[in-house]
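Subject: Structure handover and notes

Hello,

Here is the structure for your files. My notes on what was found in it follow below.

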Amino acid sequence: MHTMKKLAVLLIAMALMFSVAAPIVSAESFPCVGIVVANDVNVRSGAGTEFEALSRVNAGVTVDVYARIGNWFKIGIGNGQSAYISADFVSVRPEDVAARGSYLAGNRVVQLAKQYLGTPYVYGGSGPSGFDCSGFTSFIYRQLGYNINRVAHDQLANGVPVQKNELQPGDLVMFKRAGNSHVHHVGIYAGDGMMIHSPQTGDVVRYTSIVTGYYNNVYYAARRIIR
């Protein structure tokens, strides 16, 4: 009996020694949020370079990550759909995501929209070399994983209504002429009374005030897509 007690004590001591000495192995835990760490990264329909490239995203974009398949992350792209992105270009470290997440979520929309300042207006254009107004807004949101309607008036059905005095960066701002039944123009609120939009033929994507002049007079509604 004495020998058995000594053996039990020895086994306990050995277990404690190994539990202290063994390194803690960190593992990815899903679902989680990741941040893209490179520019022009392909988002594909499957986990491999042989699959179709659905879109491209740039550094700073955050994505919802649901699983890892080999060296590919399965991510959400809105409306319950998913796609894949190389794990080489996405960090899921909480400290990296937290650093980016200190901004309003809508600022991601504005930062991406700013990359297309100066892009020509093209009637029916959906980017990236040319946009009409709703082609621009739908393109920007699509790069961030949100599928919104393509036509300006139909974008009224997306997101939630926001009062003009409660606008935040990234909100959709919509305009309708007096006597018209349909929204004729849409842009992305950038803060400080300004929007980024693709105005009209012969113009380019640029900043414009929505609190003075023409767009103040025809302002109609706003929708918040990212909450």
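Leaving aside residues up to four places away in sequence, Gln143 is in contact with Ser55, Arg56, Val57, Val61 and Leu112. Please keep in mind that this is a predicted model. Gln143 belongs to helix α4. Its relative accessibility is 7%, so Gln143 counts as buried, the limit being under 20%.

Pocket

One of the contacts of Gln143, Ser55, also turns up in the second largest pocket, which has a volume of about 180 Å³. The pocket is lined by 16 residues, and those closest to its centre are Val43, Ser55, Ile77, Arg142 and Gly145. Which elements each supply at least two residues of this lining? They are the strands β3 (53–57), β4 (62–69) and β5 (72–76), together with α4. Strand β3 gives the largest share, with three residues. Sorted by class, the lining of the second largest pocket consists of eight nonpolar, seven polar and one charged residues.

Salt bridges

How many salt bridges does the structure hold? There are three.

Asp132 pairs with Arg150, with 3.1 Å between the closest N and O atoms. Asp132 sits in the loop between α3 (106–114) and α4 (133–143), while Arg150 sits in the loop between α4 and β8 (160–161), so this salt bridge ties together parts that are 18 residues apart in sequence. The two partners are not equally covered: Asp132 has a relative accessibility of 9% and counts as buried, whereas Arg150, at 30%, counts as partly exposed.

Asp171 and Arg224 form another salt bridge, at 2.9 Å from N to O. This one links distant parts of the chain, 53 residues apart: Asp171 is in the loop between β8 and β9 (172–175), and Arg224 is in strand β13 (residues 219–224). Are these two residues buried or exposed? Both Asp171 and Arg224 are buried.

The remaining salt bridge joins Asp203 to Arg206, and its closest N and O atoms are 3.0 Å apart. Here Asp203 counts as buried because its relative accessibility is 16%, which is under 20%. Arg206, at 32%, falls between the limits of 20% and 50% and therefore counts as partly exposed.

In short, the items to look at are the surroundings of Gln143, the second largest pocket with its 16 lining residues, and the three salt bridges.

Regards

Conventions:
Residues numbered from 1 in each chain as written. Predicted model: local features only at pLDDT ≥ 70, side-chain atom pairs only at ≥ 80, totals over all residues. Heavy atoms only, no water. Salt bridge = Lys/Arg side-chain N within 4 Å of Asp/Glu carboxyl O. Helix = DSSP H or I, 4+ residues; strand = E, 2+ residues; numbered from the N terminus. Buried < 20%, exposed > 50% of the residue type's maximum accessible area, 1.4 Å probe, protein only. Contact = heavy atoms within 4.5 Å. 1 Å grid on protein atoms, 1.4 Å probe; cavity = no way out; pocket = protein on both sides within 12 Å on 5 of 7 lines; lining within 4 Å. Points joined across faces, edges and corners; volume = space filled by probe spheres on them. Nonpolar A, V, L, I, M, F, W, Y, C, P; charged D, E, K, R; others polar.
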